[in-house]
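Work through the exercises below with the sequence and the structure in view. Try each task before reading its solution.

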Amino acid sequence: MATAASRAPAASAPGFNEKMLFWASFFTLVAAGIGFTIRNALLKDWGGQFGFTQSELGAITGGGLFGFGITIIVLSFVADWIGYGKLMLLAFALYVASAIVTFGATLAYGRFGKEGAFWCLFVGAWLFSLANGTCEAVINPLTATLFPRNKTHWLNILHAGWPGGLILGAIIKLGLNRISGIPWEAKLGVFLAPVLLFGIMMFNRPFPRSEARVQGVSVKKMAGEVGFFGVAVVVFFIGLLFSLIVMPAIPQSWVKLDKSTQWAIGWGIALAIWIGYAIFSGFKLGHLVLALLYILHALVGYVELGTDSWIVNIGDQVLQSENKALVAFMWTNLVMFSLRFFAGPIVHKISPLGLLFVSALLGVAGLVLFSQEFVDNLVLWLVVSTVYAVGKTFYWPTLLGVISERFPKGGALALGFSGGVGMLSAGLLGGPGIGYWQDRLAVDEIRQVSPSSYDRYVAKKDDGSLDSKGFPFVSDVAPGTIPPVAGLDNGKLKVLEDYGKVLKDKDSTKPDRMKETTLESDLATLNADKAKGQKVEPQLEKSLTGRKTWWDTEGKPYYSQDEKPLEEAKLVGMKKALLYTAVVPAAMAIGFLLLVLVFKMQGGYAQVHLEEQEAPAEY
């Protein structure tokens, strides 16, 4: 149970308890960053082992983000009443559960095939994101409360924990790459160490009440500050969540719903939430500026976290080395980690919105440069990574700082909605959307260069029909412009890649040389188990033997014809996908410039503070 204490005055230095709370909050983001990095670095392993396409892998990474968003939104209403300490205990339990469910993917694949593995990884990513969202619902308003006169600066320092975790995750992955034979489950489990660390640091600590709560601002008043306009942005993403994820996930054995019915129910729920919120808030319209900031945070989520979900995977393909890609990823986040400690002086010179405008322009430049053919070696990749890193460093925390400084009456609700929208956008649109563009652009390329290669490596369902995936929401609204596409099967590509390594290493004397493909090794293990009389899962046997039959009849005979066109098509798809993504920070730059002009007409950007009162006891 937490003890009572008084909040330190804004002008005084934070005490021991405040420092412990802040740095424990910092380490929650370190834990999230480590887990995020290792999960994304495992995409290639999962694609090869389970036969996922880029779109399916994007859906899994999306599951690690949009659950984050919905958790922040829901808990922002009740965080003060539940208590920050209890929420952190919940986050700890969710992290452990996510690891257990994810570890079950291989077993599920053996019993239920590709779909079973997908749902284990997807639900595991969901639980991981729920844990992250629970932490985020606590640490942003907590930091704003601890440092009410310098929110943007301290929120940037807090969010330096995210790139710090990404760096540590990459270092861990690099170290594990040097040790052969480590299963991916062991690699993923490393993220539980920092979870234990922040749990110990926060255990039984007293937490202060938020600034809005101190000043007697009720949740209803917070809701009115966000208003009808602001919550409309939030409700849009809730509608996406229900129509694209929740309703389709209902088993057909329970109730058969066609796609139009799923959409009607999903968007009907969103409309009901919008109307209910309007009634609860007293039909307050809120602020158009705050609504625009939410839209911009949605774009930030798409471009920052959506790109982060893919950048190591793309760098691996461009640089032909996962270790080099991880080095570049570490460098990018080292730049971000360092710069976030210096946001305060920069903001004092050019204002938060000016900083965000410049950052968006640098983001455009970085993505455009990434897409160029000449950026094909580690040195140039690091140079471009530096440009991109400087651009995206200040997006997330500075935007939260602007909302907290300009709309303090919104309290935890205004901050939670903003972070939630960013995460929902990243998970529902960013990760899957960038995966879609990789699939579509690679398919466009391979169809032009070698149509027969596409026919052999296209992703198919169990019944032999094409396994087409679209850009979430957009392909349903405009299927003629953004049509669903059947991407390349990463499981088949894994066999092709392994065979190339076997040919390359056949005359090698290295102890770690590749003697057989992973497919052949898995089949040998399965057959050995059968010979011993051990139970073999029928779906696993069907999947492996089916792929072996495909390889012997369609893959291996055309290896020399397919290898180069497929590799080049995949590279083209990845690079062009980054070019298309540059449209997002370009739109952000326009939005931030508009806000700069709006505030200039109002006399300039300035912080808004609630009237200071004596702080009540902590709980």
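The exercises that follow cover helix packing, helix length, burial and backbone angles.

The model is predicted, so local features need pLDDT of at least 70, side-chain atom pairs count only at pLDDT 80 or more, and totals for chains, interfaces and linings use all residues. Residues are numbered from 1 along each chain as its sequence is written, and side-chain values use heavy atoms, with hydrogens and water left out.

**Exercise 1. Describe how helices H1 and H8 pack.**

Step 1. Two packed helices are described by the angle between their axes and the distance between the axes. Helices (H or I, at least four residues) are DSSP runs, numbered from the N terminus. Axes are lines fitted to C-alpha atoms, for helices over the stretch in contact, and angles run from 0 to 180 degrees between N-to-C directions.

Step 2. H1 spans residues 16-41 and H8 spans residues 161-177; the angle is about 45° and the axes are 6 Å apart.

Step 3. Angles under 35 degrees count as roughly parallel, over 145 as roughly antiparallel, 65 to 115 as roughly perpendicular and the rest as oblique. H1 and H8 are therefore oblique to each other.

Step 4. Contact means heavy atoms within 4.5 Å. Among the residues that make the contact are Phe26, Gly33 and Ile34 of H1 and Trp162, Gly165 and Lys173 of H8.

Step 5. Ala, Val, Leu, Ile, Met, Phe, Trp, Tyr, Cys and Pro count as nonpolar, Asp, Glu, Lys and Arg as charged, and the others, Gly among them, as polar. By these classes the contact of H1 with H8 has 13 nonpolar, 5 polar and 1 charged residues.

**Exercise 2. Check the length of helix H26 against the expected span.**

Step 1. The expected span is 1.5 Å times one less than the number of residues.

Step 2. H26 (residues 559-581) has 23 residues, and the expected span is 33 Å.

Step 3. From first C-alpha to last, H26 reaches 33 Å, close to that expectation.

**Exercise 3. Is each of asparagine 333, threonine 517 and valine 383 buried or exposed, or in between?**

Step 1. Buried means under 20% relative accessible area, exposed over 50%, partly exposed in between (1.4 Å probe, protein chains only).

Step 2. Asparagine 333 lies in helix H15 (residues 322-339). Its relative accessibility is 0%, so asparagine 333 is buried. Leaving out residues up to four places away in sequence, asparagine 333 touches Pro163, Leu166 and Ile167.

Step 3. Threonine 517 sits in the loop between helix H23 (490-505) and helix H24 (518-531). With a relative accessible area of 3%, threonine 517 is buried. Apart from neighbours within four places in sequence, its contacts are Val495, Asp498, Tyr499 and Val502.

Step 4. Valine 383 belongs to helix H18 (residues 378-392). At 49% relative accessible area, valine 383 is partly exposed.

**Exercise 4. What is notable about the phi of phenylalanine 283 and of glutamine 320?**

Step 1. Most residues other than glycine have a negative phi.

Step 2. Phenylalanine 283 is not a glycine, yet its phi is positive, about 55°. Phenylalanine 283 is in the loop between helix H13 (259-280) and helix H14 (288-319), and at 59% relative accessibility phenylalanine 283 counts as exposed.

Step 3. Glutamine 320 has a positive phi near 55°. Glutamine 320 lies in the loop between H14 and H15, and with 51% relative accessibility glutamine 320 counts as exposed.

Key
Helices (H or I, at least four residues) and strands (E, at least two) are DSSP runs, numbered from the N terminus.
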